[in-house]
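Open the model in a viewer and keep the selection tool at hand. The stops below go from the whole chain to single residues.

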Amino acid sequence: MEIFVQLLLLAAGFALLVKGADWFVDGASKIADKFGIPHLVIGLTIVAFGTSAPEAAVSISAAAKGSVDLAISNVLGSNIMNVLLILGLASIIYPLAVKASCIHFDIPIVSGISVLLLVFGLGDGIIGRVEGIIFWVLLLCYIIYMIRMTQKGQAQMEETPEASTEDKIWKLLLLVVVGGAMIVIGSDVTVDAATAIAYAFGMTERLIGLTIVAFGTSLPELVTSCIAAKKKETDIAVGNIVGSNLFNILFVLGTTAIITPVAYTSAFIFDNIVAIAVMVLLWLFTVRGKRLSRFGGGVMLLLYAAYFANLVWGIVP
């Protein structure tokens, strides 16, 4: 009976995620049209921040409770999954066009801050308050850059046809807020139900943490990007993932480190290197054709399968 209840909750969680992401993407893209904001900017900021909420909740809560190891593993695991699994799936649904600004600026920036995290970790093995403040300063610089991008987008909008005025701005904002709330609640319900089912079938706590929790905190990105790809809102699909990876390090890990220093153990080095490598791979797949093709997405899915196998069987410690 308990398993049946958890299965119902699992289905309800997924339903909340799918419908919430549908509203969230619709509202965000229409707001972008109304104000002349490039969809890429919306994806890199509002959508990315919204879908990073579960990672923030898990990491900050874990830090407050003293489980500091979870903060880094959650961020690195989610960033790897975001690129290899989520963008891989989204590009198979619909090949993802990628703007030149994302290829030449945003993707290298995320690669750079991933390297910075590795450097900080290899230093004294602690991501402390100083590092957290540095991450926050970099985040504020990035947001200022996004504001300037928005202003350029508004200037360009003057030369394009006006967006539809049928939708009231308050309705669109409501779609974004309610959709975002449904995504977060749906993610929470899904993770709790899936964890209960896993325990019932005898899965170890370690395996649950490496699979279900990492997958659960990335569910908003997964659903949002796949829904965006289905709607052919490819700027939001790609921007959501790149922006989310940036927010995961600068905001989530930065905030966590300010609350309490986070130990960076040698076990994180491999995952950190993989997180850097997947961003470089994304750049290599998109730099020439300005798109992530189905072939590239398929390669990413195979690589994630290999990474997942390593997590389960510990081929690389």
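pLDDT is the predictor's confidence in each residue, on a scale from 0 to 100. This is a predicted model, so start by colouring the chain by that score. The mean pLDDT of the protein chain is 79, and 79% of its residues reach 70 or more.

**The whole chain**

Show the protein chain as a cartoon: 11 helices and four strands should appear. Of its 317 residues, 50% count as buried. Now turn on contacts between residues at least 6 apart in sequence; 85% of these join residues at least 24 apart. With the surface displayed, the protein chain exposes about 14,200 Å², and carbon and sulfur atoms supply 71% of that area.

**A stretch to treat with care**

Select residues 154-163. Over this stretch pLDDT stays under 50, and the model has seven contacts for it beyond four places in sequence. Where pLDDT is low, the predicted coordinates should not be read in detail.

**The nonpolar core**

Which residues touch the most other members of the largest nonpolar core? Select I72, L96, I127, L246 and L282 to see them; the core has 76 residues. Next select helix 9, residues 234-259, which gives the most to this core, with 13 residues.

Stay in the core and centre the view on L282, one of the residues just selected. Leaving aside residues up to four places away in sequence, L282 touches V83, L87, I107, V242, L292 and M300.

**A nonpolar patch on the surface**

Move to the surface and select F35, I169, W170, L173 and L174. Together they make a nonpolar surface patch of about 500 Å². Which helix supplies the largest share of the patch? Helix 7, residues 169-200, does so with four residues.

Pick out L173, which has its place in helix 7. Its relative accessible area is 46%. Buried means under 20% and exposed means over 50%, so L173 counts as partly exposed.

**A loop residue**

For the last stop, select K290. Where is K290 found? It lies in the loop between helix 10 (267-286) and strand 4 (291-292). Check the backbone angles here: K290 has a positive phi of about 55° although it is not a glycine. With a relative accessible area of 33%, K290 is also partly exposed.

Key. Residues are numbered from 1 along each chain as its sequence is written. This is a predicted model: local features need pLDDT of at least 70, side-chain atom pairs count only at pLDDT 80 or more; totals for chains, interfaces and linings use all residues. Side-chain values use heavy atoms; hydrogens and water are left out. A nonpolar core is a set of buried Ala, Val, Leu, Ile, Met, Phe, Trp, Tyr and Cys residues joined through side-chain atoms within 4.5 Å. Buried means under 20% relative accessible area, exposed over 50%, partly exposed in between (1.4 Å probe, protein chains only). Helices (H or I, at least four residues) and strands (E, at least two) are DSSP runs, numbered from the N terminus. Contact means heavy atoms within 4.5 Å. Patches are made of residues with over 30% relative accessible area and no salt bridge: like charges are joined within 9 Å, nonpolar side chains (Val, Leu, Ile, Met, Phe, Trp, Tyr) within 5 Å. Accessible areas come from the Shrake-Rupley method with a 1.4 Å probe; for residues, only the protein chains shown count as cover. A salt bridge is a side-chain nitrogen of Lys or Arg within 4 Å of a carboxyl oxygen of Asp or Glu.
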